[in-house]
Amino acid sequence: TQDHPSSIHIDNHQPLPTTMYKSIALLSLLTGSASAVGCYPTWTGQSTLNKGSKVSATITTTTKNSAGDDVTTTVKKNFECISGDGVNSVTTHCPNYDPKNAAQQAAAWKVIDANCNGAAPAPATPAPTTSPTHPKWAGAGCPDDWVSGGDYEPGELAAVDGVTYRCSTVQAVNLWCGNSLYKPGDSLYWESAWTLLGSCDGTIAP
């Protein structure tokens, strides 16, 4: 009867099979790709670039290995423009300073992702803002639109964007009702001169 060993001995000095090396290299490559973030549009000298703009560029680096041979590595990176005021194009160098150039990169760009792959997701579109809605006012139809500089009698009505307001009935306060600083519903002090009555549509019958 042939004896079977109770344990399997692995020779630590035996080289790993070539296929195992390939598997390890492939796993490392896949892991690195999965962790990379998406790339912003490639820098091409876009005239719209300004402070805060984000682009990508492929950076090539050549170094020497221990044997003195040149080793070239290429990696795509994301950059953010740090030059300019974010508004006026004449204040920024980013349309003219190439992030692939080390000196120009240092002057106008900062690295925000040291490795990117594929396309970066588009920025989220903010939800549209909507004007507040108000219950219908007790009257029928809308009064005349408010006019800047107009003379308003105490208690007189005016409309702004489909909302009805009543000018103050307090003596002399009505003099503020035509002032743009007191525009009903759309100024800092409007509540001192106007009272919101509610939404309206159409016109008031004569």
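Helices (H or I, at least four residues) and strands (E, at least two) are DSSP runs, numbered from the N terminus. The model on screen is predicted, so local features need pLDDT of at least 70 and side-chain atom pairs count only at pLDDT 80 or more, while totals for chains, interfaces and linings use all residues. Residues are numbered from 1 along each chain as its sequence is written, and side-chain values use heavy atoms, with hydrogens and water left out.

**The whole chain**

Begin with the protein chain in cartoon view, where there are 2 helices and 8 strands, arranged from the N terminus as α-β-β-β-α-β-β-β-β-β. Then switch on the surface: the accessible area, from the Shrake-Rupley method with a 1.4 Å probe and, for residues, only the protein chains shown as cover, comes to about 14,500 Å², and 54% of this belongs to carbon and sulfur atoms. Of the 206 residues, 24% are buried, where buried means under 20% relative accessible area, exposed over 50%, and partly exposed in between (1.4 Å probe, protein chains only). A contact means heavy atoms within 4.5 Å, and among the contacts with a separation of 6 or more, 58% are between residues 24 or more positions apart.

**Ser53**

Next select Ser53, in the loop between strand E1 (37-39) and strand E2 (54-64). Ser53 counts as buried because its relative accessibility is 18%. Leaving aside residues up to four places away in sequence, show its contacts as sticks: Ser53 touches Thr48, Phe79, Glu80, Cys81 and Trp109.

**Tyr182**

Move on to Tyr182, which sits in the loop between strand E7 (163-167) and strand E8 (194-199) and is buried, at 16% relative accessible area. Its contacts, again without residues up to four places away in sequence, include Trp176, Trp190 and Trp194, together with Tyr189. A C-alpha to C-alpha distance drawn from Tyr182 to Ser148 should read 9.2 Å, although the two are 34 residues apart in sequence.

**The salt bridges**

A salt bridge is taken here as a side-chain nitrogen of Lys or Arg within 4 Å of a carboxyl oxygen of Asp or Glu, and by this rule the count comes to 4. Three stops follow, among them Asp201 with Lys136, whose closest N and O atoms are 2.2 Å apart. Asp201 lies in the segment after E8 and Lys136 in the loop between E5 and E6, so this pair ties together parts that are 65 residues apart in sequence. Asp201 is partly exposed at 48% relative accessibility, whereas Lys136 is exposed at 53%.

Select Asp98 and Lys100 for another bridge, with 3.2 Å from N to O; here Asp98 is buried at 18% relative accessible area, and Lys100 is partly exposed at 45%. Then choose Asp186 and Lys183, whose side chains meet at 3.6 Å, N to O, with Asp186 exposed at 51% and Lys183 partly exposed at 24%.

**A charged patch**

Finish on the surface by selecting Asp144, Asp145, Asp151, Glu153, Glu156 and Asp161, which gather in a patch of negative charge. Patches are made of residues with over 30% relative accessible area and no salt bridge, like charges being joined within 9 Å and nonpolar side chains (Val, Leu, Ile, Met, Phe, Trp, Tyr) within 5 Å. Lys and Arg count as positive and Asp and Glu as negative, without His and the chain ends, and the place of a charge is NZ of Lys, CZ of Arg, CG of Asp or CD of Glu. Within this patch, centre the view on Asp145, in the loop between strand E5 (116-119) and strand E6 (157-160), which is exposed at 57% relative accessible area.
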